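Student: Please take a close look at one part of this structure, the packing of helices, and explain the terms as you go.

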Amino acid sequence: MRDVVIAGGGPVGLFLATELALGGCSVLVLERDEEVTSPYKALPLGLRGLSAGSAGVFHNRGLLEAVFDASGTDANSVGAGPDAIEAPAPRAVSHFAGMGLDAADIDVSAFPFRLPSPAMEGFMTSLEALGKVLAERAIALGVDIVRGATVTAVTQDDQSVAVTAVTQDNQSVAVTAAGQEYQARYLVGCDGGRSTVRGLAGFEFVGTEPLFTGYVARVTFADPQQLPLGFNLTPNGMYLRTPFEGHLGMMDFDGGAFDRSRPLTREHLQEVLRRITESDPTLTDVHLASTFTDRAMQVTTYRRGRVLLAGDAAHIHSPLGGQGLNLGIGDAVNLGWKLAATVHGAAPEELLDTYTSERHPVGAAVLDWSRAQVATMKPGPNGPALRRLVHELLSTTDGTTLAYRKTTGFDRYDLGSAQPLVGSTAPDFRFEDGTRLGDLLRQGRGVVLDFTGDHALERAAKSWQSRIRYATGTARNDLGFNALLIRPDGVVAWADDQALDVRAFRQAATRWFGSPQS
């Protein structure tokens, strides 16, 4: 009997596994793919963008430098300098449907709680690089990973969930009468947009049908100079070329009709490319290719009994803006500590249900952001007019600031407080001795930051000492706060900027970490 079985060993499933292991859970990951590496996970097809929010999550777990190294990223391009006192202005903002925006137009005053951190900006990585780092961390924490295991059945009762999987090796497929059965207290489906767990557990999956079939491929062009680099919108669709040799992306507004409907041939790709570009480029070879759509769907709840979903298993949308991976990382860091506390009987009532109440609105907003981008790209007389208007609006200070807020991954949950920092990702407060909040969060526990040295707060925090770490000292910049309670996911649960209110701290600690220890 494991505490948790995770179906799916991609970045979301692996990161969730590390979070649960930090919380003291026994974890088994069942991954369908037998091989660790795949050309679809490596560059260029595996290219993905990590938002500043995701970078901050990895910073809080001590993983950021390893991800930098695996991704070939210069840390100075992402973080503030070690001696910085003030946060630097944002250097980049995501595009909207290929429309570039200028970070200089961001109203920095709209983000009054920014502090310098090693994770100020987003950066590019690959599924292969991220998967390698997370798999190494998971194994180091004692997570068991079984590859070549396909989930075929899920049953649950009030006490546990049973998962049946078929396993295989390079030579054969080994199947018992009903497959190998794994018992666990909880199952989390992180098995992608075509999630088996989602279907077997009976989740309702609702949303909108696609307008286009998307293509991503690595090809050989007869004349590479014929098509310009960048994001190119045409009257018939869109094509994208990146600096990676032969990397091609396309969007064909066929209502999603082609996606996975028949073999993906060189002739078909060339036909679509010529129709979209209204020219005659020639593809001499296709090395890798796959399709996708802008279908935007989401489960109505992220939990059914002892089965939960995270990442693409819970929500799918077009890759425009590159928010899918970041959305899944946000799911995992929100769920991990809550599920671990529930497993150990240390969770307050209804804590696990806050996973849906907090993350479902975030997912819904990303789906709408994706739908809006597609609407501005649709061929015909209305799309271009809408695109011009949207670009004009987003290019204003308010518009660019909104786009930055929507795409950086710093979500604010409604925790019922009027204090604007509560529910938001905590700034990376730094004590005079150099210790950062990110350093204090590495073990996956809650953190109390006490900038007053008030012994009353220290005494109160001791009632949760196995779940909350207490830290006191003078901050380089306390942003006007006396003390804060930070959840394990880096979200501010309580913040005091008036006369220190220990009673309010106790209420917040009880709400998120359960009853005080005797």
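Tutor: What follows describes how two helices pack against a third. The model is predicted, so local features need pLDDT of at least 70, side-chain atom pairs count only at pLDDT 80 or more, and totals for chains, interfaces and linings use all residues. Residues are numbered from 1 along each chain as its sequence is written, and side-chain values use heavy atoms, without hydrogens and water.

Two packed helices are described by the angle between their axes and the distance between the axes. Helices here are DSSP runs (H or I, at least four residues), numbered from the N terminus. Axes are lines fitted to C-alpha atoms over the stretch in contact, and angles run from 0 to 180 degrees between N-to-C directions.

Helix α1 (residues 11-22) and helix α7 (residues 324-343) have axes that come within 8 Å and cross at roughly 25°. That makes α1 roughly parallel to α7 (angles under 35 degrees count as roughly parallel, over 145 as roughly antiparallel, 65 to 115 as roughly perpendicular and the rest as oblique). Contact means heavy atoms within 4.5 Å; in α1, residues including Phe15, Leu16 and Leu20 meet residues of α7, among them Ile329, Val333 and Leu339.

Helix α2 (residues 52-60) also packs with α7, at an angle of about 40° and with the axes 9 Å apart. α2 and α7 are therefore oblique to each other. Their contact is made by Ser54, Val57 and Phe58 of α2 with Asn326, Ile329 and Val333 of α7.

Handedness comes last: α1 passes α7 in a right-handed crossing, while the crossing of α2 and α7 is left-handed. A crossing is left-handed if the near helix is turned anticlockwise from the far one by less than a right angle, and right-handed if clockwise.

Key
Helices (H or I, at least four residues) and strands (E, at least two) are DSSP runs, numbered from the N terminus.
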